[in-house]
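Trainee: Hi! Could you walk me through this one? I'd like to start with the charged side chains.

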Amino acid sequence: MQELELKLLIENATAKEIWNRASASGLASVVPRTRRVDSTYVDTPDYSLRRNGISVRLRRDGKRVLQTVKAHASLHGGMSNVTEFETVAPGGRLDFAAIPDESLRDEIVETIKGAALKPVCETLVKRTEGDVRSETGTHALLAVDVAEIKADGQSGKFYELELEHLEGPPGGLFDIARTLL
């Protein structure tokens, strides 16, 4: 499945205002939902997945544990287009057999060559999200993340606005971002 999204780093004060701006501008007609989403990204000791443009994570979203694989990313004008497969992680563990795309599954197995996977970073996210629609017909999922990332004994906070394209003209993501910011 292809995922097309626009991600922007924002300031904390802006993160607190985004949903008010979305409502006031008529982009949002729903009350956003806030939830905790924590992810652990894994790779081989020599980072072969990263070197080959593949990202693998386990994500706790409420009571569910999901595994996500992203690959073949391209970036154009700040918009990311990536192949993404997200499936339930049986027993909260990675299971590459659950990836529905056989060629991607084979690519991962070939890339890791039997090496053990280890956690490389963790993100702890308070996500507020809901649907937005532009006047030009773009329908998107708007997520505002208040996040902390931990890796190698260090940590840092960041604030992110993410617009995931759902339908309509993809360029409308930029119109939505311009209105919000």
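Mentor: Happy to. The side chains of E86 and R57 meet in a salt bridge, 3.5 Å from N to O; a salt bridge is a side-chain nitrogen of Lys or Arg within 4 Å of a carboxyl oxygen of Asp or Glu. Before we go on: this is a predicted model, where local features need pLDDT of at least 70 and side-chain atom pairs count only at pLDDT 80 or more, while totals for chains, interfaces and linings use all residues. Residues are numbered from 1 along each chain as its sequence is written, and side-chain values use heavy atoms, with hydrogens and water left out.

Trainee: Where do E86 and R57 sit in the chain?

Mentor: E86 is in strand 5 and R57 is in strand 3, 29 residues apart, so the pair links distant parts of the chain. Strands here are DSSP runs of E with at least two residues, helices are runs of H or I with at least four, and both are numbered from the N terminus.

Trainee: Is R57 buried or exposed?

Mentor: R57 counts as buried because its relative accessibility is 6%. E86, at 40%, counts as partly exposed. Buried means under 20% relative accessible area, exposed means over 50%, and partly exposed is in between (1.4 Å probe, protein chains only).

Trainee: What about R59, what is its nearest side chain of opposite charge?

Mentor: That is E86, 4.7 Å away, and R59 is buried yet has no salt bridge. For charge, Lys and Arg count as positive and Asp and Glu as negative, while His and the chain ends are not counted. R59 lies in strand 3, residues 54-61. The side chains of R59 and S39 are joined by a polar contact of 2.8 Å. A polar contact is a pair of N or O atoms within 3.5 Å; within protein, one must be able to donate a hydrogen and the other to accept it, and residues adjacent in sequence count only if both atoms are side-chain atoms.

Trainee: How many salt bridges are there in the whole structure?

Mentor: A search finds 17. One of them joins D145 and R127, with the closest N and O atoms 2.7 Å apart. D145 lies in strand 7 and R127 in strand 6, so this pair ties together parts that are 18 residues apart in sequence. D145 is buried, with a relative accessible area of 3%, and R127 is buried too, at 9%.

Trainee: Which residues are linked with those two in a network of salt bridges?

Mentor: The network links D145 and R127 with E3, E5, K7, K70, E84 and E162.

Trainee: New topic: how many residues does the largest nonpolar core have?

Mentor: It has 20 residues, and V132, L142, L163 and L180 have the most contacts inside it. Such a core is a set of buried Ala, Val, Leu, Ile, Met, Phe, Trp, Tyr and Cys residues joined through side-chain atoms within 4.5 Å. Strand 1, helix 1, strand 7, strand 8 and helix 4 each supply at least two residues of this core. A second, separate core of 12 residues includes I54, A71, F96 and I99.

Trainee: And which residues of helix 4 are buried?

Mentor: In helix 4 (residues 172-180), the buried ones are G172, L173, I176, A177 and L180. Seen down the axis, they fall within an arc of 145 degrees, so they line one face of the helix; the arc is that of the directions from the helix axis to the C-beta atoms.

Trainee: What covers them?

Mentor: The cover includes helix 1 (12-24), strand 1 (2-10) and strand 7 (139-151), among others.

Conventions. Contact means heavy atoms within 4.5 Å.
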